[in-house]
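Dear colleague,

I am passing on the structure we spoke of, so that you can look at it alongside my notes. The notes follow directly after it and deal with contacts between side chains.

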Amino acid sequence: MFLQETYELIDAIFYDATSSDNSSNYYYNPNGGVSFSYQNNWYVLNLGTSANYVQLNGLTDNVKAKTINFEVELELNGASTRLEVYASDTRIGYSAYSTTNGVLSISDLAIPSDATNVFFRVVRRYTDDGNSIKLKKWRVYES
């Protein structure tokens, strides 16, 4: 007798299914009362009064000179949010702002071959809109 199981195959440079607490992989600015935690299969960015974002670092060598897609599933609590990608201190790509729950993405973004630090960021638009952003299923993959 054979047991049949179904597995999801994910071809990604980085994928965080958010099934366990990997919040230490992310950076956030704690100024102005901002906090970042793991709760019930979501990361929660509690928003404060200063610049509010959470970012993923550490993928530079894996994404240099590649064309990538970046996506995150979001549940917004009054916030207007977008994705941004930086190479060193230069923003090289961003999505439109969204106030709708669901998957937000950036597609077909070319990462420079000479990039020394690439990071992927979820950003709140205004410091006075919303009070939290839930995030899960961070994914960076080649186009």
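**Charged and aromatic contacts**

The charged end of R121 sits over the ring of Y86, at 5.0 Å from the centre of that ring. R121 also has its charged end over the ring of Y53, where the distance to the ring centre is 3.7 Å. Please bear in mind throughout that this is a predicted model.

Turning to the salt bridges, the count comes to five, and I describe some of them here. E71 and R139 meet through their side chains in one of these, with 3.7 Å from N to O, and this pair links distant parts of the chain, since E71 belongs to strand β6 (residues 67–77) and R139 to strand β11 (residues 132–142), 68 residues apart. The two partners fall on either side of the 20% cut-off for burial: E71, with a relative accessible area of 18%, is buried, whereas R139, with 21%, is partly exposed.

E84 takes part in a salt bridge with R82, in which the closest N and O atoms are 2.9 Å apart, and in another with R91, in which the closest N and O atoms are 3.5 Å apart. R82, E84 and R91 are thereby linked in a network of salt bridges. Within this network E84 and R82 are both buried, E84 having a relative accessible area of 4%, while R91 counts as partly exposed at 37% relative accessibility.

For the aromatic side chains, the count comes to 10 pairs. In the pair formed by Y26 and F36, the ring centres are 6.0 Å apart and the planes lie at 65°, so the arrangement is edge-to-face. Because Y26 lies in strand β2 (residues 26–28) and F36 in strand β3 (residues 35–39), this pair ties together parts that are 10 residues apart in sequence. Y26 is buried, with a relative accessible area of 7%, and F36 counts as buried at 11% relative accessibility.

The rings of F70 and F120 also make an edge-to-face pair, because their planes are at 65°, with the centres 5.1 Å apart. Here F70 lies in strand β6 and F120 in strand β10 (residues 118–124), so the pair ties together parts that are 50 residues apart in sequence; both F70 and F120 are buried. These four residues belong to one aromatic cluster, which is formed by Y26, Y28, F36, Y38, Y43, F70, F120 and W138.

With best regards

Key: Residues are numbered from 1 along each chain as its sequence is written. This is a predicted model: local features need pLDDT of at least 70, side-chain atom pairs count only at pLDDT 80 or more; totals for chains, interfaces and linings use all residues. Side-chain values use heavy atoms; hydrogens and water are left out. A salt bridge is a side-chain nitrogen of Lys or Arg within 4 Å of a carboxyl oxygen of Asp or Glu. Helices (H or I, at least four residues) and strands (E, at least two) are DSSP runs, numbered from the N terminus. Buried means under 20% relative accessible area, exposed over 50%, partly exposed in between (1.4 Å probe, protein chains only). Rings of Phe, Tyr and Trp (its six-membered ring) pair if their centres lie within 6.5 Å; planes under 30 degrees apart count as stacked, over 60 as edge-to-face and the rest as tilted. A charge sits over a ring if NZ of Lys or CZ of Arg is within 6 Å of the ring centre and within 35 degrees of the ring normal.
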